[in-house]
Amino acid sequence: MIYDLVVVGGGPAGVAGALTAALAGLRVALADSSARLGGQYFRHAAAPEPAPGLDRFLRQARALEARADVLPRHQVWNISRELDGDLIVRCENHTGEPVTLRTRRLLIATGAHDRPLPFPGWDLPGVLTAGGAQALLKGNGVVAGRRIVVSGTGPFLLPVATGLAGAGARVLGVFEANGGLGLARHPLPALGKAAEAAGYAAGLARHRVPYHTRQAVIAAHGEREVEAVTLARLDRGWNVLATRVVECDTVAAGYGFVPQIELGTQLGCGTRHDVDGSPVLVVDAEQRTTVPGVWAAGEPTGVGGWHLSELEGRIAGRSMAGPVPEILARRRERWRAFGAALQRAYPVQSGWQGWLRDDTLVCRCEEVPLARVRQARRLGATDARSIKLLARPGMGWCQGRVCGYAVSCLAGELPQPPRRPIAQPVTLGALASLDASSNEGTP
């Protein structure tokens with residue numbers, strides 16, 4: 001079967017794009033690595049408090065399942081173009097079997113993953129990303145710990161803390177490294193989120209969770225697991241002014257998100273640097289990338305929240321069948337303005353590098369300490385790639401998804417677009433079972 005459209009990603013952007021295209025008469029398939037649609041934001045199986053917009057999303061998901069082929073637990077690891085112009089989407093399903101989808105059009109809606117920053121002790125059991133703690137709770141009903149510290153920057157810390165507190169954890173505080181009024185300088189884009197923010201503030205107050213600005217976790221301590229953290233009071237550049245130690249058993253830390261654009265760069269899609277320096281895919285007014293037949297929506301084009309992701313998905317789906325209504329474009333621009341304001345209000349400041357010690361692991365997969373990265377710099381490494389070749393950060397299981405941002409910062413450059421012929425971990429069995437025809441066109 002040749003699909004008119006294959007969508008990769010089952011979050012707000014992917015579902016909205018797939019449904020819009022299916023309603024226009026296109027034969028659509030949607031592949032997602034999770035067991036349920038929803039993406040990171042709308043994980044909903046066991047969430048104690050539903051996310052804003054969940055009911056709307058679930059209605060869209062039910063409508064999509066009646067009109068398209070929805071393929072949960074299908075991990076897409078490679079996309080290439082055949083000589084006849086069709087796109088070949090290669091997946092692995094939950095049993096480890098290879099699945100190949102052929103399509104005339106592609107929508108990349110792969111979302112983003114957490115952007116962590118290293119600090120002494122971040123490799124101890126009990127240190128999670130903020131998104132990881134939320135995924136455990138929403139997807140599996142698992143509370144990450146009993147005494148939890150939430151630290152980092154950005155409004156995403158608020159739903160993480162309120163969700164954990166609502167599930168019974170004692171959240172010792174939300175520690176925001178930036179100031180608390182970052183969006184006050186950009187009031188118009190922020191108006192649409194005011195009610196949501198007020199709801200999270202009320203949740204923190206209800207559970208007696210304090211909210212501290214200009215503070216962050218700069219070290220975790222423990223023999224076998226987290227037993228305490230060092231909290232620092234910071235200046236505007238995140239340089240340490242004073243410290244104190246707080247006992248806890250879990251740290252949920254998050255410093256924004258890294259858009260997942262590997263599938264786009266496999267196909268040669270153009271990229272740009274977003275407001276926060278992250279590489280994202282270039283798209284036009286109808287969400288088309290620079291590669292014919294390939295669209296992108298949601299975080300791969302820039303982080304801006306679920307409202308923006310859904311609008312971009314709808315615009316992509318509409319553009320495949322006809323003109324895009326002007327009202328959708330206007331709404332998208334408002335939410336894009338909000339996303340840009342958000343990134344300007346909660347930047348990652350360079351002072352975090354002063355939190356590190358020579359023995360602090362920068363790359364946990366390959367156990368590369370800061371001292372080895374500095375040695376690579378002394379040997380002449382001038383960018384993240386040359387540091388990787390000399391010191392091995394980013395050459396482990398995650399392929400730089402966890403440490404890539406930090407290594408780029410330590411190299412003094414903006415993160416570069418990933419270039420990976422295999423976008424996600426895949427079994428050797430799936431690779432070995434590909435026949436010659438399905439291998440045609442593989443990088």
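**Close-up views of a predicted model**

**View 1. Strand 1 and strand 7 in the predicted model.** Strand 1 pairs with strand 7 (residues 98-103) in the parallel sense, over two bridges. Within this pairing, I2 has R102 of strand 7 as its bridge partner.

**View 2. The open sheet of four strands.** The strand order is 1-7-6-5, and the pairing is mixed. The edges are taken by strand 1 (2-3) and strand 5 (75-81); each has a single partner strand, so one side of each is left without a neighbour in the sheet.

**View 3. The second largest pocket and the residues closest to its centre.** The space in this pocket is about 760 Å³. The lining consists of 32 residues, and those closest to the centre are G404, Q416, P417, P418 and R420. By class, 14 of the lining residues are nonpolar, eight are polar and ten are charged.

**View 4. Helices and strands in the lining of the second largest pocket.** At least two lining residues come from each of strand 9 (112-114), strand 18 (257-259), helix 11 (384-391) and helix 12 (404-411). Helix 12 gives the most, with four residues.

**View 5. Residues 436-443, where pLDDT stays under 50.** For residues 436-443 the model has 16 contacts beyond four places in sequence. Over the protein, pLDDT averages 91, and 93% of the residues score at least 70.

Key
Residues numbered from 1 in each chain as written. Predicted model: local features only at pLDDT ≥ 70, side-chain atom pairs only at ≥ 80, totals over all residues. Heavy atoms only, no water. pLDDT = per-residue confidence, 0-100. Contact = heavy atoms within 4.5 Å. 1 Å grid on protein atoms, 1.4 Å probe; cavity = no way out; pocket = protein on both sides within 12 Å on 5 of 7 lines; lining within 4 Å. Points joined across faces, edges and corners; volume = space filled by probe spheres on them. Nonpolar A, V, L, I, M, F, W, Y, C, P; charged D, E, K, R; others polar. Pairing = 2+ DSSP bridges.
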